[in-house]
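User: I'm new to reading structures, and I'd like a close look at one part of this one. Please walk me through it slowly and then show me what lies beyond it.

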Amino acid sequence: MAAWVASLAPGPAIPDEEYLRADGNPTHGGELFRINCAMCHNAVGAAGALTEGKWAPQLKGVSEKHIYEAMVTGPQNMPVFNDANLTPEDKKDIITYLKYVENNPSVGGYELGSIGPVAEGLFVWIFGMGFIIAITVWLGAKSN
Ligand code: HEC
């Protein structure tokens with residue numbers, strides 16, 4: 001039945017098992033992800049807002065096959081990444097990167113949705129330092 005449906009119209013085939021194993025190069029995949037995908041999905045695939053109320057979903061917990069097929073079909077607002085754009089090996093590296101991020105949570109402890117080091121650092125500066133200053137003022141007021 002799948003073969004019959006596939007014969008009706010042109011379209012990408014189901015990806016080869018070989019490219020779905022997530023044992024590629026995560027460093028290269030991360031680079032490709034930041035170039036091609038991060039503007040919509042965030043640098044670690046934590047989701048992102050787009051125009052007109054649309055959004056790019058989070059990519060944690062998405063199966064390897066689903067990731068590959070999303071790249072070759074380009075659902076909704078997402079562009080199609082054909083084999084001339086990202087070779088099957090590149091796609092495998094991207095899948096490897098996403099699986100790596102999924103299986104290796106932040107070593108620095110809590111993260112704020114991985115929105116970036118500047119935004120997260122600023123948050124700590126303003127609220128962390130604000131809290132410390134507030135405590136200091138409070139202690140100073142008590143000692144009088
Ligand atoms: C222009 C923005 C944009 C770019 C660039 C983009 N995506 Fe997407 N992506 C989307 C949107 C929007 C959806 C949701 C489509 C839908 O709702 O059907 C999506 C869906 C997905 C899904 C399906 C998630 C799910 O849970 O069903 C995967 C996987 C995915 N994208 C991976 C990628 C990868 C990998 C790249 C880079 C090679 C990429 N995307 C680049 C916008 C983008």
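What is the volume of the second largest pocket?

Analyst: Before we start, keep in mind that this is a predicted model. The second largest pocket has a volume of about 200 Å³. Its lining is made of 13 residues, and Ala-6, Gly-11, Pro-12, Ala-13 and Ile-14 are the ones nearest its centre. Two helices, H1 and H4, each give two or more residues to that lining. Sort the lining by class and you get 10 nonpolar, 2 polar and 1 charged residues.

Now let's set it beside the largest pocket. That one holds about 490 Å³ of space. It has 26 lining residues, with His-41, Pro-57, Ala-70, Pro-75 and Met-78 nearest its centre. The elements that supply two or more residues to this lining are H2, H3, strand E2 (55–56), H4 and H5. Helix H4 gives the largest share, 4 residues. So H4 turns up here as well as in the second largest pocket, where it also gives two or more lining residues. By class, the largest pocket's lining has 19 nonpolar, 6 polar and 1 charged residues.

Hang on to two of those names near the centre of the largest pocket, His-41 and Met-78. They also coordinate the iron atom of the ligand, His-41 through NE2 and Met-78 through SD, at 2.0 to 2.1 Å. His-41 sits in helix H3 (residues 38–41), while Met-78 is in the loop between helix H4 (64–73) and H5, so this pair ties together parts that are 37 residues apart in sequence. What arrangement do the 6 donor atoms make around the iron? The angles they subtend run from 84 to 180 degrees, so the arrangement is octahedral. For comparison, the ideal angles for six octahedral donors are 90 or 180 degrees. As for exposure, His-41 is buried at 9% relative accessibility, and Met-78 is partly exposed at 21%. The cut-off for buried is under 20%, which means Met-78 at 21% can't be called buried.

Helix H5 leads us to the last stop, the salt bridges. The basic idea is simple: side chains of opposite charge can pair when their charged atoms come close. The structure holds 4 salt bridges. In one of them, Lys-92 meets Asp-23, at 3.0 Å from N to O. This pair spans distant parts of the chain, as Lys-92 is in helix H5 (residues 88–103) and Asp-23 is in the loop between helix H1 (2–8) and helix H2 (26–36), 69 residues apart. Asp-23 also forms a salt bridge with Arg-21, where the closest N and O atoms are 3.7 Å apart. The three residues cover three kinds of exposure: Arg-21 is exposed at 52%, Asp-23 is partly exposed at 47%, and Lys-92 is buried at 14%.

Another salt bridge lies within H5, between Lys-99 and Glu-102, with the closest N and O atoms 3.1 Å apart. These two are 3 residues apart in the helix, so about one helical turn separates them. Lys-99 is buried at 11%, whereas Glu-102 is partly exposed at 26%. Back with the earlier trio, shared partners join Arg-21, Asp-23 and Lys-92 into one network.

Key: Residues numbered from 1 in each chain as written. Predicted model: local features only at pLDDT ≥ 70, side-chain atom pairs only at ≥ 80, totals over all residues. Heavy atoms only, no water. Salt bridge = Lys/Arg side-chain N within 4 Å of Asp/Glu carboxyl O. Buried < 20%, exposed > 50% of the residue type's maximum accessible area, 1.4 Å probe, protein only. Donors = N, O, S within 2.8 Å, 3.2 Å for Na, K, Ca; no water. Tetrahedral: all angles 85-135°; square planar, octahedral: opposite > 155°, others 65-115°. 1 Å grid on protein atoms, 1.4 Å probe; cavity = no way out; pocket = protein on both sides within 12 Å on 5 of 7 lines; lining within 4 Å. Points joined across faces, edges and corners; volume = space filled by probe spheres on them. Nonpolar A, V, L, I, M, F, W, Y, C, P; charged D, E, K, R; others polar.
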